[in-house]
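Reader: I have a protein model open on my screen and would like to find my way around it. Could you walk me through it?

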Amino acid sequence: MASSSKAGAALTALREDLTGDVFAPGDWGYDEARAVFNAMIDRRPAVIAQCVDEDDVVRAVRFARDLDLKVAVRGGGHSVAGMAVNDAGLVVDLRHMRAVTVDPAAEAVRIAGGATMSDLDRATQPHGLATTGGRASTTGVGGFVLGGGTGWLDRSCGLAVDNLLGVELVTADGERVHANADENPDLFWALHGGGGNFGVATALTLELHELPEFCIALVLYLPDSGPEVVRTYRDVITAGPDEAGGAVLFLTGPPEDFVPPHLVGTLVCAVLLTYAGAEGGLRKLAEPLLALPHEAEIVGAMPYADVQCMIDVPPGMRNHWSAEYLTGVPDDFVDVFCARARSMPVPTGTQHALFPQGGAIAAGPHTYPVPFRDAPWVVHPFGVWEDAADDDRCVRWVRDVRADARPWSTGDVYLNFIGDEGAERVVAGVGAANTRRLGELKRIYDPDNVFRFNHNIKPL
């Protein structure tokens, strides 16, 4: 660690050299700058560098290296483990780097490292184009894509990393590197699931797909109907086209206009059936679900970017999530899944979700470090609550969901769906066969493990 006089001089120089703002403890705005999506995270970085361009990122990383500071990278700040912020280190804050440039002719888009899903989706939608994005509009594109990337379009468009065309990166030594299929291909491979281990992604280029129409069926049921609803949704998806997706989930009925008053604040079973196509195709798909006794329904066309906002969780809530990828969803699993909903913390923002995979996910490249792609289903306990007094019961419920699912688990996991669950889960997220190769590349690009505030791959 540098002496206090050297650190003070370096901080003064950084404030002068950086185009963006620099925050240190005691500065006005520091507490706001260090706050992240998950209110359970309360960390105090030594310095927060709010970069406005790649030059700023280079300056910030070199500042950290000169002072031997570890580096956290903040894009959307949506990591449930709070990986966007650290204690006593540097935060490279990309939130001012949000430009999105669409090339309709090439069906590609360049996204700056701090852009969110909303930035991406609102930019591509006027062109009738889209690509697989996260299920919340506030999620940062960079961390989402580099971690693998699943969302409402993944069954038709593939995982986000399957659409990755190139990455602009600042490495641990403050150098600019481009990675694509032809330039630094080994690094490009590592960025398909290896997360933020290899540098600061200042921009990404993604392939786009034609999406002139998008439709949903949102249907609410009484929780006692859960087993029949889940089985019916399973069968609809299994027999349906790759354009069909969505989720079946239990949640607390929100105070929205489409929710009948008797369901507000109580446990509800819901189906969100998404369809990347025209409304007629959706209505045919949804017939078995609409034939079941239900309390409310919304069926029809809706802009994809609006659907992306439907289950947004406001910042400042307490969060704990996890996931288990499944070999299948047989009837005995359905019964266990629905029974666990009865102990779900209600009323909170918690969601007990079951997502389908298959389609373009399973058909995608199997060479990347995203081993979860072959699982046909994933259960995703998504704990969200407001009162710290509920921490124990909410965290325990998420763990109980995982324990319930283990008899059907493939053992693989999507790392963006989980917090810090230990080194074994990181291996499960990138694949045991890929771990060594990732570690060897980590040694090349970040031998000192400067970028360790992530699902960390240690240098080999």
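Author: Happy to; here are some questions and answers on the sheets, helices, cores and backbone of this predicted model.

Reader: Let's begin with the sheet of four strands: which strands stand at its edges?

Author: This sheet is open and mixed in its pairing, with the order β1-β2-β4-β3. A strand at the edge has a single partner, so one side of that strand is left without a neighbour in the sheet. The strands in that position are β1 (22-23) and β3 (71-74).

Reader: Which residue in β4 does Ala-72 stand opposite?

Author: β3 is joined to β4 (residues 90-93) by four bridges, and the two strands run parallel. Within β4, the residue opposite Ala-72 is Val-91.

Reader: What angle does helix α3 make with β4?

Author: Helix α3, residues 54-66, packs on this sheet and touches β2 (47-50), β3 and β4. The angle between the directions of α3 and β4 is about 175°.

Reader: Does helix α1 have its buried residues on one face or spread around, and what arc do they fall within?

Author: The buried residues of α1 are Ala-10, Leu-11 and Leu-14, and they pack against β1, β2 and α3. On the other side of the helix, Ser-5 and Glu-16 are exposed. Looking down the axis of α1, the buried residues line one face, because they fall within an arc of 105°.

Reader: How far apart are the end C-alpha atoms of α1?

Author: Helix α1 covers residues 4-17, which is 14 residues. At 1.5 Å a residue it should span 20 Å, and the model agrees with this: the end C-alpha atoms are apart by 20 Å.

Reader: Now the sheet of five strands: which strands are at its edges?

Author: This open sheet has antiparallel pairing and the order β5-β6-β10-β8-β9. Two of its strands have a single partner each, so one side of each lacks a neighbour in the sheet. Those edge strands are β5 (100-103) and β9 (176-180).

Reader: What is the bridge partner of Val-170 in β9?

Author: Strand β8, residues 164-170, pairs with β9 over five bridges in the antiparallel sense. Across from Val-170, the partner in β9 is Arg-176.

Reader: Which helix touches β5, β6 and β10?

Author: The contacts are with β5, β6 (108-112) and β10, and the helix direction makes about 30° with that of β5. The helix packing there, residues 117-124, is α4.

Reader: How many residues of β19 are buried?

Author: Strand β19 runs from 377 to 385 and is covered on both faces. One side carries Trp-377, Val-379, Pro-381, Gly-383 and Trp-385, while Val-378, His-380, Phe-382 and Val-384 are on the other, all of them buried. Of its nine residues, the number buried is nine.

Reader: Which residue in β19 stands opposite Gln-351?

Author: β19 pairs with β16 (residues 318-321) over four antiparallel bridges, and three bridges join it to β17 (residues 324-326), also antiparallel. β18, residues 351-356, is joined to β19 by six bridges and runs antiparallel to it. Opposite Gln-351 in β19 is Phe-382.

Reader: Which residues have the most contacts inside the largest nonpolar core?

Author: In soluble globular proteins, nonpolar side chains tend to be buried together. The largest nonpolar core here has 72 residues. Phe-198 touches, among others, Leu-169, Leu-187, Leu-438 and Phe-451. The residues with the most contacts inside the core are Val-145, Phe-198 and Phe-214.

Reader: Which helices do the buried residues of α15 pack against?

Author: Helix α15 has 14 residues, 432-445. Its buried residues include Leu-438, Leu-441 and Tyr-445. They pack against α7 (185-190) and α14 (423-430).

Reader: Which peptide bond is cis, with omega near 0°?

Author: Most residues other than glycine have a negative phi, and most peptide bonds are trans. Pro-347 sits in the loop between α11 (331-341) and β18. The cis bond is the one from Val-346 to Pro-347.

Reader: Is Glu-107 buried, partly exposed or exposed?

Author: Glu-107 lies in the loop between β5 and β6, and its phi is positive, near 50°. Its relative accessibility is 27%, and buried would require under 20% while exposed would require over 50%. Glu-107 therefore counts as partly exposed.

How values were computed:
Residues are numbered from 1 along each chain as its sequence is written. This is a predicted model: local features need pLDDT of at least 70, side-chain atom pairs count only at pLDDT 80 or more; totals for chains, interfaces and linings use all residues. Side-chain values use heavy atoms; hydrogens and water are left out. Two strands pair if DSSP finds at least two bridges between them. Contact means heavy atoms within 4.5 Å. Axes are lines fitted to C-alpha atoms, for helices over the stretch in contact, and angles run from 0 to 180 degrees between N-to-C directions. A nonpolar core is a set of buried Ala, Val, Leu, Ile, Met, Phe, Trp, Tyr and Cys residues joined through side-chain atoms within 4.5 Å. Buried means under 20% relative accessible area, exposed over 50%, partly exposed in between (1.4 Å probe, protein chains only). The expected span of a helix is 1.5 Å times one less than its number of residues. The arc is that of the directions from the helix axis to the C-beta atoms. Lists of a residue's contacts leave out its neighbours within four places in sequence.
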